[in-house]
Amino acid sequence: MTSTTLAVAVADPSDAETWLGALRRALPECDVRMLAGLPPERVDYAAVWGRVDGLAHLANLKAILSLGAGVDHILANPSLGGVPVVRMIDPGLTQGMREYVLLHVLRHHRRTTELEEQQRRRVWNAFQPPLARDRQVGILGMGELGRDAARHLAVIGFQVAGWSRRRHRVRGVRSFAGTEELPEFLAASEILVCLLPLTPETRGILDRHLFAHLPHGAAIINAARGGHLVEADLVAALESGQVAGATLDVFATEPLPADHPFWTHPRITVTPHNASLTDFKTGAAAVAEAVRRLMAGKKPKGLVDRRAGY
Ligand code: NDP
Ligand code: OXD
């Protein structure tokens with residue numbers, strides 16, 4: 001009997017062996033191998049992350065399992081036609097994003113960058129930040145990551161609003177849906193967190209029109225994709241004071257080029273696309289569950305709607 005083959009293709013070679021081991025442990029009933037060197041017709045499923053080649057000629061490919069939550073780079077590959085794509089839903093990834101969002105919302109809320117600057121200049125200026133209950137935080141994208149972050153921000157006491165295509169019920173969080181409700185949502189977002197997938201509808205959404213709807217002096221946190229942000233519009237909004245500060249984890253070009261002005265902008269915090277990373281163990285378990293469901297002819301959790309783009 002020929003076994004089912006899961007091929008692993010990961011752009012970062014330092015992660016490839018770890019993924020191979022984790023997936024072998026999670027899926028002992030499958031033949032789990034590196035894609036490179038496998039006869040293309042042997043591959044039934046591919047677990048992929050980053051920009052990888054060699055997926056176009058897999059004649060028997062039944063599905064692509066993304067090792068990350070964002071699938072924009074997979075859907076952008078025209079040679080993959082209509083192959084089903086399953087995105088990553090991993091409790092480790094969700095926990096990591098929760099930590100990132102809480103950390104950076106609190107940094108903006110407590111004006112930590114200013115305190116650090118005061119320390120550098122030996123300035124003792126004990127300003128009083130508002131309490132969380134008097135601060136409005138907005139989450140663009142109320143999916144796996146956005147809903148979790150919103151819930152935890154509400155537990156701390158922030159006034160939290162979430163925006164998505166469909167309305168979501170999350171305890172302590174006001175829900176806004178669709179483009180018609182976007183301006184009202186933005187007006188209630190002193191700290192705005194972007195956790196949207198990158199799709200044709202959301203590309204460039206963080207632009208001057210959106211910034212103009214925010215309360216004056218708002219903060220932006222983009223932990224989604226660099227393609228959401230119009231960089232020149234952010235710089236202009238920082239100059240005018242409409243946006244007071246930004247934390248950016250993702251960029252149009254990654255790694256962020258050494259001469260990019262964001263590195264040294266006094267009101268931009270740069271993190272190297274590590275807001276949250278898939279946990280090898282729980283991520284491999286999620287892939288295993290998806291493969292088993294697919295093999296049984298069932299719909300896996302996280303099946304991407306190609307028309308919606310996420
Ligand atoms: P999900 O697919 O679970 O959620 C996407 C959310 O965005 C949903 O609430 C969806 O609305 C909403 N949405 C999509 N399109 C629109 C639109 N046009 N208008 C309004 N709302 C829209 O994604 P995840 O939460 O799992 O992940 C979000 C993104 O975070 C990923 O796509 C990835 O790019 C990024 N990411 C970044 C990481 C990092 O380290 N920086 C780590 C992990 C993920 P609805 O609920 O109505 O469907
Ligand atoms: C993801 C990411 O999409 O790490 O999972 O960016």
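Which residue caps the N-terminal end of H9? The legends below take that helix first, then ligand 1 and Leu-182. The model is predicted.

**View 1. Asp-279 caps the N-terminal end of helix H9.** A side-chain oxygen of Asp-279 sits 3.1 Å from the backbone nitrogen of Lys-281. The helix itself runs over residues 280-295. Just after H9 comes Gly-297, with a positive phi of about 75°.

**View 2. Helix H9 spans 22 Å from its first C-alpha to its last.** H9 has 16 residues. At 1.5 Å a residue, the expected reach is 22 Å, and the helix comes close to that.

**View 3. H9 has buried residues along its course, among them Gly-283 and Leu-294.** Three of the names to look for next are Ala-284, Ala-286 and Val-287, which are buried. Ala-288, Ala-290 and Val-291 are buried too. What covers the buried residues of H9? Strand E1 (5-10) and helix H1 (13-26) are part of the cover. Strands E3 (45-49), E4 (63-66) and E5 (85-86) also belong to it.

**View 4. Ligand 1 is surrounded by 28 residues.** The closest are Met-142, Arg-166, His-168, Asp-249 and Tyr-310. By type, the shell divides into 13 nonpolar, eight polar and seven charged residues.

**View 5. Oxygen atoms of ligand 1 pair with polar atoms of Glu-144, Arg-225 and Ser-276.** With Glu-144, the partner is a polar backbone atom, and the distance is 2.9 Å. Ser-276 also offers a polar backbone atom, 3.0 Å from a ligand oxygen. Arg-225 uses its side chain instead: a polar atom there lies 3.3 Å from an oxygen of ligand 1. On its own, ligand 1 has 940 Å² of accessible area, and the protein covers 94% of it. Which elements give two or more residues to the shell? They are helix H5 (144-156) and strand E7 (159-164).

**View 6. Leu-182 lies in helix H6.** The helix covers residues 182-187. Is Leu-182 buried or exposed? Its relative accessible area is 14%, under the 20% cut-off, so Leu-182 counts as buried. Leaving aside residues up to four places away in sequence, Leu-182 touches Leu-140 and Trp-163. His-104 is 78 residues from Leu-182 along the chain, and their C-alpha atoms are 23 Å apart.

Notes. Residues are numbered from 1 along each chain as its sequence is written. Chains are lettered from A and ligands numbered from 1 in the order in which they are written. This is a predicted model: local features need pLDDT of at least 70, side-chain atom pairs count only at pLDDT 80 or more; totals for chains, interfaces and linings use all residues. Side-chain values use heavy atoms; hydrogens and water are left out. Helices (H or I, at least four residues) and strands (E, at least two) are DSSP runs, numbered from the N terminus. The expected span of a helix is 1.5 Å times one less than its number of residues. Buried means under 20% relative accessible area, exposed over 50%, partly exposed in between (1.4 Å probe, protein chains only). Contact means heavy atoms within 4.5 Å. A polar contact is a pair of N or O atoms within 3.5 Å; within protein, one must be able to donate a hydrogen and the other to accept it, and residues adjacent in sequence count only if both atoms are side-chain atoms. A residue is near a molecule or strand if one of its heavy atoms lies within 4 Å of it. Accessible areas come from the Shrake-Rupley method with a 1.4 Å probe; for residues, only the protein chains shown count as cover. Ala, Val, Leu, Ile, Met, Phe, Trp, Tyr, Cys and Pro count as nonpolar, Asp, Glu, Lys and Arg as charged, and the others, Gly among them, as polar.
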